[in-house]
Protein chains: 2
Amino acid sequence: MTTLASLETPSLILDREKLEQNAARMTARFAASGLRLRPHMKSAKSIDVARIALAGNFGGITVSTLKEAEYFADHGIDDITYAVSLVPEKLPRVARLMRRGVRIGGITDSLTMAEAISRRAVAEGVVVDLMIELDSGERRGGLTAGSASVVDLGRALHDLPGTRLAGVLTHAGNSYLCRSLEALREVAEQERRAAVTAAAQLRAAGLPCEVVSVGSTPTATHGLSHADLTEMRCGVYMFGDVFQHEIGSHGLEDIAVSVLATVIGHRPDLDAALIDAGGLALSKDRSTGAPGLAEDIGFGMVMDESGARRIGRVRVGHVYQEHGMLVSDGAFPFDQLPVGARVRVLPNHVCMTAAMYDGYRVLDPADPRRVGDFWPRVNGW
Amino acid sequence: MTTLASLETPSLILDREKLEQNAARMTARFAASGLRLRPHMKSAKSIDVARIALAGNFGGITVSTLKEAEYFADHGIDDITYAVSLVPEKLPRVARLMRRGVRIGGITDSLTMAEAISRRAVAEGVVVDLMIELDSGERRGGLTAGSASVVDLGRALHDLPGTRLAGVLTHAGNSYLCRSLEALREVAEQERRAAVTAAAQLRAAGLPCEVVSVGSTPTATHGLSHADLTEMRCGVYMFGDVFQHEIGSHGLEDIAVSVLATVIGHRPDLDAALIDAGGLALSKDRSTGAPGLAEDIGFGMVMDESGARRIGRVRVGHVYQEHGMLVSDGAFPFDQLPVGARVRVLPNHVCMTAAMYDGYRVLDPADPRRVGDFWPRVNGW
């Protein structure tokens, strides 16, 4: 029997019970709304996790790479949105999925790209569903709702051979900058309004707009209105992380993924200890160092082996490739962290941390010290 | 025929000619010194790269994970140093390698660990080679050369059943803080002196000290004396990166690894463009933002498709999971970076970037637009 105590470190631990609770909570939130929850699998990249997230929903997912799309299609998921600007070079893979019977939609914000995709789709003999990407305040990709370019691009996608205008899509990544519930609600409303406004523009121009899609974990959690939307995409809620906790997406006790590590050395002269989880095991994401958060936890928050109790104010203060350095506010609690002790590190940004592993070691809900299944994940592109 | 122009993005590109030059330069540096070069494979994690790095050397390597050790042993390498503090839980894997005829050495800086390793080694029926880890100024793991604890630990390793005192080892990670050739030479000398001092202590106490091992790419490149050392470990020199260039380890033109990416959008209102390589394709390493460097290049330096010419002062200013945002000093050169264009991103810290991929797409030295071999790499633990 594999237990937390016998597992080699570093290992990526998944608390199945918390995952199920987090997924059920989001599913319940939209169950009666008429909005379809299309979970974003970019954090989990695992069919076992997808099955839990899809329970009670319509069955469609969102992905961030075509490798994810192909993997999930191999496991029977046949309604997929690829939510990163499509480039023509990826059309052969998209077409292969379509010929297998998978309904796959892409996004674009560029007339140049739309024309290049059209040419390539014609060459592949397919008609690709495309949504117009909108910028609702994140200032990354996307057109501004209300601008003439939305209708221009919409008409092109509608008229060009090889493309079909499927709708509009936006992601309020700027919700990550919010530091209050009020601000989160306002960003959620901006996200909704951008999508609804662009959809109305298209329809007023006589163009179709079947899908009106929004989504980020903070706005999905806190948005007050979903009027005139058709679809919600969010993903990190399944696992949670310390950053999402700090901006109010969930409680600290809801974080379902952590890294099991071993204390490999003491440095009393530095008031620090070393663990065998560094930049590769934890990622180098520094999101909890963002302005306005309650606590900068460095590269991860240090809990006891059970994951239930934080040890003092210990955090991973520095990382090297395979070493993490534990530091604390005040005197370092060496007595609670002897050499050889096991800790659980809660990640700053779970999408980046999980990406460093080929799978999850899953805690048995019946006995949380017991490590049962291994759930593989799909990395790369 | 696969070319840079037809390859899907993001892809990890390896310029074999530069790799061979970098490897040959380091090998030549130590060829007549009596010092054995034991290349550190933690950056490359590839047998194809190892074969190039080992040409002209004695054949031993350094690794940072046991997964690397097992992989390289499977490919015939039988002299391996595992240069991260050994924990008893890893003894079964170490013992399996030893029973296969692999000479594998570990390190420790802790009497508690030495005793626990001894017990576990006895249970496994093996005698493990251990070196004493020294801190020569990095302030990570390791004992201070000259302190009584070096002899105490050395005697324990010598006397305990199941362990053999093999020598001393240190890594001048603090060389990364140097901003001048003079400072680098001083740190290299500190590194050397720490190892030599501890070796002398052990011998004066009647203990053996066969291996006197040092190594980091900057100190290996610039150190003036190697007197009384037996072994040099360094690794990142094979590939190089922008950070190593900025601290003077090599020229910008020596960087052998880059990420091929596609421009997927323009944001004239933000003076920025988007590429399809983000935090997962590039890592979130911010090492070029360290104090005292000439230029903070964000998450990577942007070159043209050939990798030979930097485009203006363009760099990856922000990363999201799958998006990178290109920014520039002054007006953004949209004309040089049309939507659909290919770029090559030089990494800040190549060890972290390469870790995001399952292998290298290798440029053909005869035709640098042609992508020939795929060289797999071993990730995880």
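**Entry 1: the annotated domain**

I looked up the UniProt record, an unreviewed entry, which lists residues 256-364 of chain A as "domain: D-serine dehydratase-like". UniProt positions are given here in the numbering used for this model, feature names are shortened, and annotations may be inferred rather than shown by experiment. The model is predicted: local features need pLDDT of at least 70, side-chain atom pairs count only at pLDDT 80 or more, and totals for chains, interfaces and linings use all residues. Residues are numbered from 1 along each chain as its sequence is written, chains are lettered from A and ligands numbered from 1 in the order in which they are written, and side-chain values use heavy atoms, with hydrogens and water left out.

Over residues 256-364 of chain A, I noted 8% helix and 39% strand. The C-alpha atoms at the two ends of this stretch are 13 Å apart. Helices (H or I, at least four residues) and strands (E, at least two) are DSSP runs, numbered from the N terminus.

**Entry 2: salt bridges within a chain**

I searched the whole structure for salt bridges (a side-chain nitrogen of Lys or Arg within 4 Å of a carboxyl oxygen of Asp or Glu). The search gave 60 over all chains.

I then turned to the loop between H10 and S12. In chain A, A:Asp296 and A:Arg286 form a salt bridge at 3.0 Å, N to O. Both residues lie in the loop between H10 and S12 of chain A, 10 residues apart. I use buried for under 20% relative accessible area, exposed for over 50%, and partly exposed for in between (1.4 Å probe, protein chains only). A:Asp296 is partly exposed at 35%, and A:Arg286 is partly exposed at 36%.

A:Glu295 pairs with A:Arg310, with the closest N and O atoms 2.8 Å apart. A:Glu295 belongs to the loop between H10 and S12 and A:Arg310 to strand S13 (residues 310-319), so this salt bridge ties together parts of chain A that are 15 residues apart in sequence. A:Glu295 is buried at 14%, and A:Arg310 is buried at 18%.

In chain B, I found B:Glu295 in a salt bridge with B:Arg313, the closest N and O atoms being 3.4 Å apart. B:Glu295 is buried at 12%, whereas B:Arg313 is partly exposed at 41%.

I also recorded a network of salt bridges in chain A, whose members include A:Arg38, A:Asp79 and A:Glu231.

**Entry 3: where chain A meets chain B**

How many residues does each chain bring to the contact? I found 51 from chain A and 51 from chain B, contact meaning heavy atoms within 4.5 Å. The area buried between the chains (the accessible area, 1.4 Å probe, that two parts lose on being put together, summed over both) is about 4,600 Å², of which carbon and sulfur atoms give 57%. In chain A, the residues that lose the most area to chain B are A:Arg140, A:Gln321 and A:Trp381, together 17% of what that side buries.

I counted 8 salt bridges between the two chains. One of them joins A:Asp135 and B:Arg267 at 2.7 Å, N to O. Strand S10 (257-267) of chain A gives the most to the side that touches chain B, with 4 residues.

**Entry 4: cysteines**

How many disulfides does the whole structure hold? I found 0 over all chains, a disulfide being a pair of cysteine sulfur atoms within 2.5 Å. For A:Cys178, the nearest cysteine sulfur is that of A:Cys234, 16 Å away. A:Cys178 is buried at 6%.
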